[in-house]
Each structure stands twice: as C-alpha cells, then as structure tokens.
Amino acid sequence: MRHVPRLALAAAVCFSLATSSALASTMYRYKDDNGRMVISNTVPSESSTRGYEILNTQGRVVDVVEPAPTAEEIAAREAEKKRKAQAEKQREEDAELLRTFSHPNDAVRALHRKLQELDSLVQLKRGNISVIESQLEEQQSKAADLERAGREVPENLTTRIERLHAQIREIEKEIAVQNMETQAIRATYEQKIERLEAITGENRTLSLEPQTKTPTQEARRAD
C-alpha cells in the first residue's frame, strides 16, 4: 500500500507542471516606446496603456486589450453623452408640450388669457392707488388749510399722510414686480409657441398681443 502516496505525489507534481506550463505559454504582443512590435510573457505598465494582444501556444490572438482612451477621446465621449441626454430631455419636453397644445394657436390663446388675467390684476392695483390718492389729497388739503390758518398740523394727520404715501409706494412696487413676471411669462410662452411651430410644422395665425375689446364690443357681450 506504500505505492499510493507516491502516485498521489506524482499526480500533484504533474498538475503543478501543467499549470506552470500553461502560465508560461501565455504570451503578449504589444508595441514598445519606439513603436516596435514585441512578444513577451509580460507587459510593461507603460506599454499596457497602449493596448496589447494575448496569444495562445500557437501564436494566435485569443483576446485583445484595447488602449486606454486619450483625453480627447474621453472628452468626446462625455460630449456625446451630454448630447444624448439633452436630446432625450428635449424629446420629453416636446411630448409634454404636445399633450398641452396641439397647435401653436392654442398656446397663443393661452398666452392671451394669462396676459389678460395679469393685466386685470394690475388695473385693480391701479384702482387702489387712485382711491388712496383721493384720500391723500383730502388729508393734504386739510394740512394745507391748517398751515394757511397759522395752526400746527396735528401729528396724527401727518402720520396719516405718511401712511397713505407708503401704501402707494408699496402698491407701485407690487405693480413693478407684476410687470416683470408678465414679461417672463410672455417670454416663456413665446418659446413654447416657437417650439410648437418647429415640431408641428404649423405656423401661428394669431397675434401674440391680445386684442382689447372696444366699449361697443363689451356692450354687445353684456347684451
């Protein structure tokens, strides 16, 4: 039974030799720093970045390791990736736009409604200013009468006048902000309308400016 360990040892030695032989048979083909083709069982790190080929025992190529990308290639890949992302974003935005408006004129009408709504708010604020200005004129007239009579203007009257001035300034600021928002909304809708014309192939036939109704038209509408 002593021959069994010897057989096991021999098998282990044969396996080890076969493994070593297989590893030793792996060869690589690459270009060195001078551009010359080299075949070796190792690849220097400086050459591996240029890519190399793996050969079998018959010298045939069994695998190819591509060169590391250059800075220009990396930049080009990133640019292409960004372009595709932007194209996908544009496609989604176009789909959403078409779900809302089927024709450029639909967006023009929506713009008209929005502008008329915003204009109504501004007119309301201007009406408030007119009311406050009337109150201010009345209070200032009282103060002027007192001054002409040589009497001192009461502090509460002065405070009331200052408060009315402040209210007018505050509403004027609100109107200024409203006008800025109106311009931003107009610009947004104009971009939507232009994009709709591009993706539908149809041109708007309506003016971007909403038509103001004459008093006669308003009276007819009321009838």
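How many helices and how many strands does the chain have? Hello everyone, and thanks for coming. The answer is six helices and four strands. Before we go on, please keep in mind that this is a predicted model.

Let me start with the overall layout. If you read along the sequence, the pattern is α-β-β-α-β-β-α-α-α-α. The chain has 223 residues, and 18% of them count as buried. There is also a number for how the chain meets itself: take the contacts between residues at least 6 apart in sequence, and 56% of them join residues at least 24 apart.

Now, let's turn to the helices. Please find helix α4, residues 104-148, and helix α5, residues 155-200. How do α4 and α5 run relative to each other, roughly parallel or roughly antiparallel? Their axes come within 9 Å and cross at roughly 170°. An angle over 145° counts as roughly antiparallel, so that is the description for α4 and α5. As for what lies in this contact, its residues divide into 24 nonpolar, ten polar and ten charged.

We can follow that pairing through a few individual residues. L121 is in helix α4, and at 37% relative accessibility it counts as partly exposed. Between L121 and I175 there are 8.7 Å in space, C-alpha to C-alpha, although the two are 54 residues apart in sequence. On the α5 side, have a look at E172. E172 is partly exposed too, with a relative accessible area of 42%. Its C-alpha is 9.7 Å from that of V122, and these two residues are 50 apart in sequence.

Staying with α4 for a moment, let's visit H112, which lies in that helix. Is H112 buried or exposed? Its relative accessible area is 15%, and the cut-off for buried is under 20%, so H112 is buried. What does H112 touch, once we leave aside its neighbours within four places in sequence? The contacts are S207, L208, E209 and P210.

Next comes another partner of α5, namely helix α3, residues 71-100. Here the axes are 11 Å apart and the packing angle is about 95°. That makes α3 roughly perpendicular to α5. The residues that meet are Q90, D94, L97 and L98 from α3, with K192, R195, L196, I199 and T200 from α5. Sorted by type, this contact has four nonpolar, two polar and three charged residues.

You may want to keep your cursor on K192, one of the α5 residues in that contact. Its charged end sits over the ring of Y189, 5.0 Å from the centre of that ring.

Just past the helix, we come to G201, in the loop between α5 and α6. Helix α6 covers residues 215-222. G201 counts as exposed, at 60% relative accessibility. Across the structure, G201 and H103 are 9.4 Å apart, C-alpha to C-alpha, while their separation in sequence is 98 residues.

Finally, let's go back to the strands. How many aromatic pairs does the structure hold? There is one, and its members are Y28 and Y52. A pair of aromatic rings is described by the distance of the centres and the angle of the planes. For Y28 and Y52, that is 5.8 Å centre to centre and 80° between the planes. Angles over 60° count as edge-to-face, and this pair is edge-to-face. Which parts of the chain does the pair tie together? Y28 lies in strand β1, residues 27-31, and Y52 in strand β3, residues 52-55, so the pair links parts that are 24 residues apart in sequence. As for its surroundings, Y52 is buried, at a relative accessible area of 19%.

That's the tour for today. If you take a second look, you could begin with α5, whose partners include the roughly antiparallel α4 and the roughly perpendicular α3. Thanks for listening!

Technical notes: Residues are numbered from 1 along each chain as its sequence is written. This is a predicted model: local features need pLDDT of at least 70, side-chain atom pairs count only at pLDDT 80 or more; totals for chains, interfaces and linings use all residues. Side-chain values use heavy atoms; hydrogens and water are left out. Rings of Phe, Tyr and Trp (its six-membered ring) pair if their centres lie within 6.5 Å; planes under 30 degrees apart count as stacked, over 60 as edge-to-face and the rest as tilted. Helices (H or I, at least four residues) and strands (E, at least two) are DSSP runs, numbered from the N terminus. Buried means under 20% relative accessible area, exposed over 50%, partly exposed in between (1.4 Å probe, protein chains only). A charge sits over a ring if NZ of Lys or CZ of Arg is within 6 Å of the ring centre and within 35 degrees of the ring normal. Axes are lines fitted to C-alpha atoms, for helices over the stretch in contact, and angles run from 0 to 180 degrees between N-to-C directions. Angles under 35 degrees count as roughly parallel, over 145 as roughly antiparallel, 65 to 115 as roughly perpendicular and the rest as oblique. Ala, Val, Leu, Ile, Met, Phe, Trp, Tyr, Cys and Pro count as nonpolar, Asp, Glu, Lys and Arg as charged, and the others, Gly among them, as polar. Contact means heavy atoms within 4.5 Å.
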